[in-house]
Protein chains: 2
Amino acid sequence: MTDQSQPKPEPANPPAPRLGEIGLSNYAPYLMNRIMGRYNASLRDEMADLGLTTPKMRVLAVLSVIEAPLIRDLAVLTVIEQSTLSRALDQLAAEGMVRRQTDPADSRATRIYLTKSGRTTFEALWPRMSDAHARMFKGIDDAERRAFVGTLQKMLANIRKHEI
Amino acid sequence: MTDQSQPKPEPANPPAPRLGEIGLSNYAPYLMNRIMGRYNASLRDEMADLGLTTPKMRVLAVLSVIEAPLIRDLAVLTVIEQSTLSRALDQLAAEGMVRRQTDPADSRATRIYLTKSGRTTFEALWPRMSDAHARMFKGIDDAERRAFVGTLQKMLANIRKHEI
DNA sequence: CAAGGATATTTGCAAATGCATTTAAATCTG
DNA sequence: CAGATTTAAATGCATTTGCAAATATCCTTG
């Protein structure tokens, strides 16, 4: 009996190997959560004395690169919930680090501007972020790092929901 | 004038390139936060209907691989604050998925056992985790994936605080 | 071997978070 | 072009989180 009698709409994928077979330390999501957990925690501890939380620090970092984004885009770029971001912006604005400004073309939307003071704060903070980055990549040469970042870019393209 | 007159305890590092020069999309911590943010959010949404939160899901996943760990080690492996983990374990224990048992050799410490029911739940849940993993690595071949995981392992070794 | 310090876990409590809703404005549709 | 729908951001509120303190046990050292 040939298989023409059996409908095969999809060739069944082989069953996923068990996590125990892969091993935690070969499982990319586990490793990435561990690494980013540590990275974010150590940065958070270092920033605490500057009165900066993780959301506030991320906002400054993104604004140092991206000019006057909409809040909705800033939420994607900083990986912060929009409501949480809204409150982080309240604080940053109260401290004079950023400025909200209604978009001229769409008055529902708000653009965020980094102030001089916000830029100065970020410049004081960047060496610490940079050190954390250097620690992470210690013993990893340029070629390996570039390949690694290339893979990350593919992964982000695979799973992101937003085009930015 | 030779440099023997000048103390040079450390050759000053070149100043870190600015984030704007690197570009967000070439900056590994940014990419990793974006990717894991998406990965964790989509998993969380999928698990919500099973009554599983991220901490609870991670506990089941780790327990499917590691036999009866101490709570303190489970906190490291799941990347969850110990107090948060303690409460997640309360819930899982109430639902009959895990069992706390005082370590016979040290009665301060508690070991966590996965019950039959907990294992069954994880087995129902694993294909979804596996799918999320597959989506993430779509278009990335085995050699690239292995190199990527190798780099992750180096990074974790660089920054981890705990030997496990 | 007792006192002091260290370690494992839980718990109280304030702060942070995120969902759902609200408000306001833009866009679509018949 | 009026009404319905969508989109952007802020906010109310319940839940979750994490720090610090409490509790219990173990280890060290004089």
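Colleague: How many of the 164 residues of chain A count as buried?

Modeller: In this predicted model, 28% of the 164 residues of chain A count as buried. To be counted, a residue needs 20 or more other C-beta atoms within 10 Å of its own.

Colleague: What makes up chain A, in helices and strands?

Modeller: Chain A has seven helices and two strands. Along the sequence the pattern reads α-α-α-α-α-β-β-α-α.

Colleague: Why is chain A called more spread out than a compact globule?

Modeller: The globule rule gives 15 Å for 164 residues, and the radius of gyration of chain A is 22 Å, well over that value, so chain A is called more spread out than a compact globule. Along the principal axes, the C-alpha atoms of chain A fill a box of roughly 75 × 45 × 25 Å.

Colleague: What share of the contacts in chain A with a separation of 6 or more comes from residues 24 or more positions apart?

Modeller: Such residues account for 50% of those contacts. A contact here requires C-beta atoms within 7 Å.

Colleague: How many residues does each chain bring to the contact between chain A and chain B?

Modeller: Chain A brings 45 residues and chain B brings 44. On chain A, the elements that each supply at least two residues of the side touching chain B are α1 (19-22), α2 (28-48), α3 (54-63), α6 (116-136) and α7 (142-159). The largest share, 12 residues, comes from α7(A).

Colleague: Which kinds of residue form the side of chain A that touches chain B?

Modeller: That side divides into 25 nonpolar, 12 polar and eight charged residues.

Methods. Residues are numbered from 1 along each chain as its sequence is written. Chains are lettered from A and ligands numbered from 1 in the order in which they are written. This is a predicted model: local features need pLDDT of at least 70, side-chain atom pairs count only at pLDDT 80 or more; totals for chains, interfaces and linings use all residues. Helices (H or I, at least four residues) and strands (E, at least two) are DSSP runs, numbered from the N terminus. The radius of gyration is taken over C-alpha atoms; the globule rule is 2.2 Å times the number of residues to the power 0.38. A residue is buried if 20 or more other C-beta atoms lie within 10 Å of its own, exposed if 12 or fewer, and partly exposed in between; C-beta atoms are placed from the backbone. Two residues are in contact if their C-beta atoms, placed from the backbone, lie within 7 Å. Ala, Val, Leu, Ile, Met, Phe, Trp, Tyr, Cys and Pro count as nonpolar, Asp, Glu, Lys and Arg as charged, and the others, Gly among them, as polar.
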